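Okay, thanks everyone, let me get the model up on the screen. I'd like to talk about how the two halves of this chain meet.

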Amino acid sequence: MNVLLWHVHGSWTTSFVHGKHRYLVPVTPDRGPYGLGRARTYPWPDSAVEVEPAALRRAEVDVVVLQRPEEYDLACDWLGRRVGRDVPAVYVEHNTPKGDVPHTRHPMADRDDLLIAHVTGFNELFWDTGGTRTTVVEHGVVPPRATYTGELDRLAVVINEPVRRWRVTGTDLLPRFAEIAPLDVFGMGVAGLAERLGLPPDRVTGHDDVPQDRMHAELARRRAYLHLCRWTSLGLSLIEAMAIGMPVVALATTEAVVAVPPDAGVLSTRVDTLLEAAHRFVADPATARRVGAEARAAAGARYGLERFLADWDRLLEEEACASR
């Protein structure tokens with residue numbers, strides 16, 4: 001099929017475009033948020049092709065994958081068709097609800113012209129989608145090429161915009177872990193993080209917007225992975241770290257309690273428990289390696305790319321057939 005979707009979340013889209021279809025990715029001259037085009041720091045197959053908005057009126061599109069509310073009107077305008085009526089549509093919800101949780105109304109609530117596909121069961125449970133049909137397609141990741149060594153007695157974290165998002169991403173908790181071992185924080189907008197935390201740069205080192213393969217290689221050298229998010233959807237970086245073979249130290253919030261089984265790391269809502277776990281992994285490389293091996297097996301079993309693509313193939317085909 002020809003699938004129209006916007007490049008919004010790099011890791012998720014990287015997995016999605018590894019399927020058997022042709023993926024039409026809008027591109028605009030400014031490569032802004034609604035015309036980013038192909039990824040430049042993630043490896044994408046040739047089946048993901050850039051398409052200018054003006055060309056979409058003539059393009060064959062079998063299904064539209066929406067990820068932001070404003071994309072619905074944009075798709076109708078660019079295609080010259082009624083999305084959800086003339087061409088089937090699936091809305092992917094990546095995020096946990098914000099605002100009056102658990103009463104938050106989804107922007108696509110009470111619609112009969114599309115399906116909402118949540119990336120976690122937690123998201124489906126907490127969003128109020130009214131009468132709109134919903135399903136869950138759990139994440140899948142392209143297997144990282146890096147393999148865990150844990151040679152550096154440092155802790156790794158991946159957070160986008162840790163200063164702006166602060167308590168949401170657990171940024172305020174980082175200084176307590178920096179007392180145990182130096183932290184390497186990867187992601188977008190991490191420059192200046194040490195100064196904002198009031199810590200010397202030898203305790204918190206920011207690695208800003210590192211290409212995915214290189215980031216994976218660097219993560220693999222760190223002893224353990226920290227996941228301190230209080231209220232975000234399940235980050236693919238957590239699954240990727242597990243797939244590399246890293247032991248996990250994580251807050252037991254949102255979908256993390258499902259993603260990280262007990263043998264793959266330590267989860268708790270008590271920060272002192274997580275500090276003890278981080279100290280144990282830093283001090284005992286053999287234990288870290290054993291737990292990391294369990295994490296890798298768990299990630300492969302639950303978040304394998306083949307399962308993810310098979311689930312999406314089934315869903316897209318069902319929606320395309322239902323509209324005929």
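So, the domain assignment, which is automatic or from a database, splits the protein chain into domain 1, 2–140 + 305–323, and domain 2, 152–303. Before I go on: this is a predicted model, with local features needing pLDDT of at least 70 and side-chain atom pairs counting only at pLDDT 80 or more, while totals for chains, interfaces and linings use all residues. Residues are numbered from 1 along each chain as its sequence is written, and side-chain values use heavy atoms, with hydrogens and water left out.

The C-alpha centres of the two domains sit 28 Å apart. Where do they touch? On the domain 1 side we have 21 residues in contact with 13 of domain 2, contact being heavy atoms within 4.5 Å. About 1400 Å² gets buried between them, and carbon and sulfur atoms give 57% of that; buried area here is the accessible area (1.4 Å probe) that two parts lose on being put together, summed over both. Look at F122, E138 and H139: that trio supplies 35% of what domain 1 buries against domain 2, more than any other three residues.

Now, E138 again. There's 1 salt bridge between the domains, and E138 makes a salt bridge with R302, with the closest N and O atoms 2.7 Å apart. The rule for that is a side-chain nitrogen of Lys or Arg within 4 Å of a carboxyl oxygen of Asp or Glu.
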